[in-house]
Structures are given as structure tokens and as C-alpha cells.
Amino acid sequence: MESQDEDASAAALQSEINYFMSIPWCRSHICEPNFHPVNRPRKATLDHGHTLLGKTWFTKDTLPHLLTLHRQACVAEGWRSEICRFHAIGTGLNEHPGVFHGGAIATVLDSALGILVKCSIPDGRPAYTVVLNITYKKAIKTPGTIMARSWITKMEGRKVWACAQIETSTGEIHATAEGIFVKGNAKI
């Protein structure tokens with residue numbers, strides 16, 4: 001059964017890569033050689049975890065496509081650990097006609113920061129958001145495609161400081177976030 005799940009997960013990841021590769025501005029980021037797709041199944045877990053992005057917001061009208069790329073930090077090359085996360089956004093998360101809801105924007109930024117901490121510090125312990133400051137700069141039009149980019153700025157013990165931003169095809173920044181996360185003491 002595990003092999004079938006792995007095959008399905010790999011097929012789902014390839015489907016998302018194919019979707020975003022069809023969008024020229026996304027393709028240029030996906031083809032960056034130091035970023036690698038994160039194969040994280042987009043489904044709720046049996047214990048009801050990951051239900052927001054894996055179930056509730058996984059519809060044709062909300063966020064039908066999601067692809068995460070990760071680049072490991074490399075001091076010799078001057079790279080920081082970074083996430084680029086592409087979202088196809090529908091009209092099902094609008095505040096006003098044709099405008100993505102500010103709460104959905106906050107969730108996208110929080111999620112991009114959380115997956116960054118998980119990929120950058122893969123110790124099996126969960127990370128929890130304790131501070132999230134968001135600055136909204138410009139409305140995000142729907143439907144469309146956005147990229148959330150996130151990176152770590154500081155680590156101290158179990159605390160992780162990180163920043164994120166949402167960009168569109170023009171490279172314009174629509175929202176930014178600064179967050180502090182705390183790694184749990186033990187795997188839950």
C-alpha cells in the first residue's frame with residue numbers, strides 16, 4: 001500500500017510541476033537549478049491535520065494548484081535556505097469582487113513560513129507560529145497565480161525568525177510578513 005501512496009504522491013507532484021511549468025514566469029523560477037520540488041502530499045492526515053490546504057482550500061475555486069520549491073542554505077555559495085511556493089488562486093477566497101481576501105493572504109504567508117521551517121530544520125518536531133506581522137502593499141487580483149517566497153533570518157535555540165513575501169508575475173510585492181516560530185520539544 002505504501003508504494004501506491006508514494007506513486008500517487010509522485011504523480012500529484014509531477015502534475016503540479018507540469019501545471020506551473022505552463023506559466024512562463026513560474027517556469028523561470030522552477031528551472032532554477034538549486035531549487036528542488038518538495039514532495040509533500042496535499043491531503044489531510046488521518047488525525048485531521050493539514051485540513052485547510054489539503055481539503056477545505058483544495059477546490060477548483062480556491063487554491064486548485066500548489067507547488068513548493070526549496071533551496072538548502074549553502075554558506076560557500078552565499079545562499080540562504082529559501083522556499084518559493086506557487087499558488088493558483090481562484091475566486092472562492094475573495095473579499096471583494098476579484099480581490100483575494102486579506103485573511104487568505106495571511107494564511108498563504110504563514111504557510112510559506114511554516115513549510116520553510118519544516119524543510120530547513122527537518123528534525124521531525126512541529127513548529128508553531130508565535131508572532132506573525134503582515135504588511136499589505138497592494139491588492140491581489142483573482143483568479144491568478146502568486147508566488148510566496150520565504151527565508152530564515154535568525155535561529156536561536158528552538159526559536160526561528162523568518163520573512164516572507166507574495167509576488168506576482170511582474171515581480172511586484174503585494175504583501176510581506178515577519179514571523180517567529182518555536183520548534184516543539186517532541187514529535188506530536
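In this predicted model, strands β3 (residues 82–89) and β7 (residues 144–156) run antiparallel and are joined by 8 bridges. One residue helps to place this pairing by eye: Ile83 has Ser150 of β7 as its bridge partner. The two strands belong to an open sheet of 7 strands, ordered β1-β2-β3-β7-β8-β9-β6, with antiparallel pairing. The edges are held by β1 (36–37) and β6 (127–136); each has a single partner strand, so one side of each is left without a neighbour in the sheet.

Turning to the helices, α4 (residues 102–120) lies across β2 (65–71), β3, β6, β7, β8 (159–167) and β9 (173–183), and runs at about 50 degrees to β9. Helix α4 also features in the largest nonpolar core, a set of 30 residues in which Leu63, Phe100, Ile105, Leu109, Ile140, Ile146 and Ile166 have the most contacts. At least two residues of this core come from each of β3, α4, β7, β8 and β9, and α4 gives the most, with 10 residues. A good place to look is Leu109, which touches Ile134, Ala164, Gln165, Ile166, Ala175, Thr176 and Ala177, leaving aside residues up to four places away in sequence. Another core, of 14 residues, lies apart from the largest one and includes Trp25, Phe35, Leu69 and Cys84.

Helix α1 (residues 2–21) offers a further point of interest in Glu16. This residue counts as buried because its relative accessible area, 12%, falls under 20%. Beyond residues up to four places away in sequence, Glu16 touches Pro64, His65, Leu66 and Leu67.

Definitions and conventions:
Residues numbered from 1 in each chain as written. Predicted model: local features only at pLDDT ≥ 70, side-chain atom pairs only at ≥ 80, totals over all residues. Heavy atoms only, no water. Helix = DSSP H or I, 4+ residues; strand = E, 2+ residues; numbered from the N terminus. Buried < 20%, exposed > 50% of the residue type's maximum accessible area, 1.4 Å probe, protein only. Contact = heavy atoms within 4.5 Å. Pairing = 2+ DSSP bridges. Axes fitted to C-alpha atoms, helices over the stretch in contact; angles between N-to-C directions. Core = buried A, V, L, I, M, F, W, Y, C linked by side-chain atoms within 4.5 Å.
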